[in-house]
Amino acid sequence: MDRILIRGGNRLSGRIAISGAKNSALTLMPCALLTDEPLTLRNLPRLADVDSFGHLLNQFGVSTTIEGGRPSDFGRVMTMRGQQLTSTVAPYDIVRKMRASILVLGPLVGRAGEATVSLPGGCAIGNRPIDLHLKALEAIGAEIELAAGYVKAVAPKINGVGRLTGGRFSFPVVSVGATENVLMAAVTAKGGTILENAAREPEIVDLCNLLVAMGASISGIGTETLEIEGRDRLHGAMYRVMPDRIEAGSYACAAAITGGSLDLVGASAHDMRATLDALIEAGVSVEERKDAIRVSADGPLKPLTLSTAPFPGFATDMQAQFMAMLLKADGASVLTETIFENRYMHVPELARMGAHIDVRGRTAVVHGNASLVGAPVMATDLRASMSLILAGLAAEGRTEVNRVYHLDRGYERLEEKLQGVGADIERLGDG
Ligand code: UD1
């Protein structure tokens with residue numbers, strides 16, 4: 001299994017191109033199930049999860065064609081076409097590798113009138129149930145059955161054809177995935193749908209914009225109340241995936257923790273305001289330029305008190321990276337994780353590098369002025385792995401990050417991008 005080796009201590013400086021957003025890609029791709037016409041997505045990141053999603057779509061008879069120019073290019077163009085769906089079953093073997101597979105449930109039942117998807121199972125950052133996905137689909141007419149590890153959703157028959165009715169659902173808890181799933185189902189329902197307390201993450205806005213480009217009728221985009229008028233059919237579209245706000249935020253932390261300066265090329269400040277505000281509060285300079293956000297740190301960082309929250313709050317997907325960064329702050333910071341239980345798996349690994357972090361339930365006290373020393377480490381999820389990379393960049397000596405497949409799920413060519421701005425980082429093969 002590959003490992004990443006970092007010799008820490010270099011101050012990073014230069015330009016980093018921000019890739020298309022992973023979490024957006026994973027909700028835009030299933031929209032190919034909603035039409036018999038081609039859907040072309042540009043700026044798709046080259047990531048393991050995107051490849052897996054392509055294979056999942058193939059399972060239903062959707063063809064996928066990739067143009068991506070040279071292997072040295074960042075991003076790819078993928079055209080997906082589900083002229084005729086040949087299956088409505090998402091098997092365990094694929095779903096277990098990628099939780100986001102559950103996002104085919106809504107569009108499949110919307111288009112084909114039925115869908116059977118393996119239950120995603122446990123996950124390293126908490127139990128992550130899918131009850132809200134199912135309740136929301138039920139509210140717009142789906143009948144849900146659970147059996148033998150699979151969930152089956154069936155739409156009622158209207159003139160012999162399975163078609164969802166539409167309806168009203170108020171989310172008791174904000175859920176990004178459940179909002180996405182029901183949105184993709186509601187756009188082809190017979191009637192209208194109102195979703196209350198819907199997620200407002202930029203990736204949801206990206207999804208709504210694509211659906212509208214495919215002919216859907218959605219109002220309230222970017223707010224917590226979405227109103228959808230179902231359409232008889234949607235058509236194909238050509239659409240560019242939004243920039244990855246979490247990748248951009250992670251590299252911003254890399255600039256801050258190394259006392260460096262990075263231009264995050266193509267990042268959208270509007271989508272990452274809470275991250276940028278937190279950086280500014282920590283004493284980091286943030287300059288919004290025409291094509292990039294410049295993040296520079298000079299002098300000690302200030303400690304922070306931060307709590308994760310749904311958008312527009314501080315993203316849970318940035319918690320681990322800020323924790324690493326705040327190890328270099330001049331004092332103790334307090335982080336509270338409100339979205340997922342069990343999302344502090346990086347703490348014991350950071351401790352191996354000399355960090356002093358006290359965790360009590362959902363709150364972590366991060367003691368600053370840490371003298372970080374390189375060590376062999378491993379993480380159990382994507383953003384936790386990134387926090388170890390960040391700590392490694394600031395540590396003295398050699399850090400070896402194991403289980404690189406987590407990083408490959410979410411960071412396009414991480415080591416190449418960091419090498420380009422002065423990091424001493426390389427990927428090692430087996431051995
Ligand atoms: C998505 C993102 C993930 C991010 C998270 C929160 C993708 C592929 N993943 O995950 O990177 O960390 O949003 O911003 O886009 N919940 C329920 N029942 C449900 C669904 C969710 O109780 O049916 C709970 C979860 O356990 C969690 C909270 O709701 O406590 C939010 O989860 P959710 O927003 O659904 O996260 P994901 O869509 O899985």
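Two strands count as a pair when DSSP finds at least two bridges between them. Keep that in mind for the sheets in these close-ups, which come from a predicted model.

**View 1. A four-strand sheet built from S6, S7, S9 and S8.** This sheet is an open one, and reading across it you meet the strands in the order S6-S7-S9-S8, with mixed pairing. Strand S6 (89-90) and strand S8 (143-147) sit at the edges with a single partner strand each, so one side of each has no neighbour in the sheet.

**View 2. Zooming in on S7 and S9.** Here are strand S7 (residues 114-118) and strand S9 (residues 150-154), which run antiparallel and are joined by five bridges. For one of the pairs, start at Ser118 and look over to S9: its bridge partner there is Tyr150. Now add helix H4 (residues 105-112), which lies across both S7 and S9. The direction of H4 makes about 155 degrees with that of S7.

**View 3. Who surrounds the ligand?** Which residues are the closest to the ligand? They are Asp131, Leu132, Ser175, Asp317 and Ile339, out of 18 residues that surround the ligand. Sorted by class, the shell has eight nonpolar residues, five polar ones and five charged ones. Two helices, H5 (131-139) and H6 (176-186), each chip in with at least two residues of this shell. Helix H5 gives the most, with three residues.

**View 4. Polar atoms up against the ligand.** Look for Asp131 first: one of its polar side-chain atoms is 2.6 Å from a nitrogen atom of the ligand. With Ile339, it's the backbone that matters for this view, as an N or O atom there lies 2.5 Å from a ligand oxygen atom. Pro129 also brings in its backbone, with a polar atom 3.2 Å from an oxygen atom of the ligand. How much of the ligand does the protein bury? Taken alone, the ligand exposes 740 Å², and 83% of that is buried by the protein.

**View 5. Another four-strand sheet, this time with S20 to S23.** The strand order in this open sheet is S20-S21-S23-S22, and the pairing is mixed. Strand S20 (305-307) and strand S22 (357-360) are the edge strands, each pairing on one side only. Going from one strand to the next, the twist averages 15 degrees. Strand S20 and strand S21 (residues 333-336) run parallel, with three bridges between them. If you pick out Leu306, you'll find its bridge partner in S21 is Leu335. Helix H10 (residues 319-326) packs on this sheet and touches S20, S21, S22 and strand S23 (363-366). The directions of H10 and S21 make an angle of about 170 degrees.

**View 6. A cis peptide bond at Pro312.** Follow the chain on from S20 and, before H10, you come to a loop that holds Pro312. The peptide bond joining Phe311 and Pro312 is cis, with omega at about 10 degrees.

**View 7. Asn43 and its backbone angle.** This last close-up is of strand S3 (residues 39-44), where Asn43 lies. What is the sign of phi at Asn43, positive or negative? Phi is positive there, at about 65 degrees, although Asn43 is not a glycine.

Notes: Residues are numbered from 1 along each chain as its sequence is written. This is a predicted model: local features need pLDDT of at least 70, side-chain atom pairs count only at pLDDT 80 or more; totals for chains, interfaces and linings use all residues. Side-chain values use heavy atoms; hydrogens and water are left out. Contact means heavy atoms within 4.5 Å. Axes are lines fitted to C-alpha atoms, for helices over the stretch in contact, and angles run from 0 to 180 degrees between N-to-C directions. A residue is near a molecule or strand if one of its heavy atoms lies within 4 Å of it. A polar contact is a pair of N or O atoms within 3.5 Å; within protein, one must be able to donate a hydrogen and the other to accept it, and residues adjacent in sequence count only if both atoms are side-chain atoms. Accessible areas come from the Shrake-Rupley method with a 1.4 Å probe; for residues, only the protein chains shown count as cover. Ala, Val, Leu, Ile, Met, Phe, Trp, Tyr, Cys and Pro count as nonpolar, Asp, Glu, Lys and Arg as charged, and the others, Gly among them, as polar.
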